[in-house]
Amino acid sequence: YKSAGLFGHIRDGAKITNLSFNGGEIVGMINTTTANYSIHTGGLVGTAMATSTSDPIIIRNCHNLGVSIIAGYDHSYNHDGSSTGGLIGYSSGNTIIESCTNAAPISVYGAQDIAPIRTGGIIGHLKGHFNVSSCGNTGNMLFSNLRSGSIGGGIIGSLQTDQTDSDMRICYNKATITSKGSQSNTYGGLIGTINKDDRFPSTTGGSFILENCFSDTSFDMYN
């Protein structure tokens, strides 16, 4: 996979705090016919990958004030799923995200016979152990011509929990989600989908707590 963002790829122990950014755009488009290719695109971070349970990635008080996000595919070919977020494209492992916002528009384009895309106002795809709190999205989201199985959420597109406890608290989405010419996809005002990480058997797993969050989302769906 490739990563696109103000910071392309961060790992264990990375801390990004007190950062606001505005103007321009970040583009994560795939235009290759190489098979099994994916890209994670975020206004702040493309990919956040934490493998340590004791040294989390921390993103605190960071704000995308207007850096537009444009992502997707302009080639019809067999690619892996990609992730797009107003702040973070893809996050895996022990992650803390606090007091962050996105106000920038997010536009995701595709061809209906290629891989689905996961998109969130704050985080496109989030998996593992995480704490998300006091985050908000007001950036409108546009999905065009996406394959069936694509996912969009006002805060988190696709969420996968592991065997530890995780939570999302005091978060809000106040934006419009528009889908044009797409197949059967899933959109949520706060979270698109919630699943258990398939690396762990069904007999294990921590809880996921969603508390004091709200959505004031408009959905415009067109064939």
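**Notebook: cavity, sheet and cysteines**

I began with enclosed space, and I found that the structure holds one cavity of 30 Å³ or more; on a 1 Å grid over the protein atoms alone, a cavity is a set of points where a 1.4 Å probe fits but cannot get out, and lining residues have an atom within 4 Å of a point. I noted that grid points are joined across faces, edges and corners, and that a volume is the space filled by probe spheres set on the points.

Before going on, I wrote down that this is a predicted model, in which local features need pLDDT of at least 70 and side-chain atom pairs count only at pLDDT 80 or more, while totals for chains, interfaces and linings use all residues. Residues are numbered from 1 along each chain as its sequence is written, and side-chain values use heavy atoms, with hydrogens and water left out.

The largest cavity has a volume of about 30 Å³, and among the residues lining it I listed Gly-28, Thr-41, Ser-83 and Ile-117. Which strand gives the most to this lining? I found that β9 does, with three residues (strands are DSSP runs of E, at least two residues, numbered from the N terminus).

Next I followed the sheet, where six strands form an open sheet in the order β1-β5-β9-β14-β19-β24 with parallel pairing (two strands pair if DSSP finds at least two bridges between them). Its edge strands are β1 (2-4) and β24 (186-188), each of which pairs on one side only. I also saw that β1 and β5 (residues 39-42) are joined in the parallel sense over three bridges, and that Ala-4 has Thr-41 in β5 as its bridge partner; Thr-41 also belongs to the cavity lining.

Then I searched the whole structure for disulfides and found zero, a disulfide being a pair of cysteine sulfur atoms within 2.5 Å. Why is Cys-135 not bonded to Cys-171? The two sulfurs are 4.8 Å apart, which is too far for a bond, and Cys-213, whose closest cysteine sulfur is also in Cys-171, is likewise too far at 4.6 Å. Cys-135 is buried at 0% relative accessibility, whereas Cys-213 is partly exposed at 21% (buried means under 20% relative accessible area, exposed over 50%, partly exposed in between, with a 1.4 Å probe and protein chains only).

Last, I looked at Phe-214, which sits in strand β27 (residues 214-215) and is partly exposed at 43% relative accessibility. Leaving aside residues up to four places away in sequence, Phe-214 touches Cys-171, Tyr-172, Asn-173, Lys-174 and Leu-190, where contact means heavy atoms within 4.5 Å.

Terms used: Helix = DSSP H or I, 4+ residues; strand = E, 2+ residues; numbered from the N terminus. 1 Å grid on protein atoms, 1.4 Å probe; cavity = no way out; pocket = protein on both sides within 12 Å on 5 of 7 lines; lining within 4 Å.
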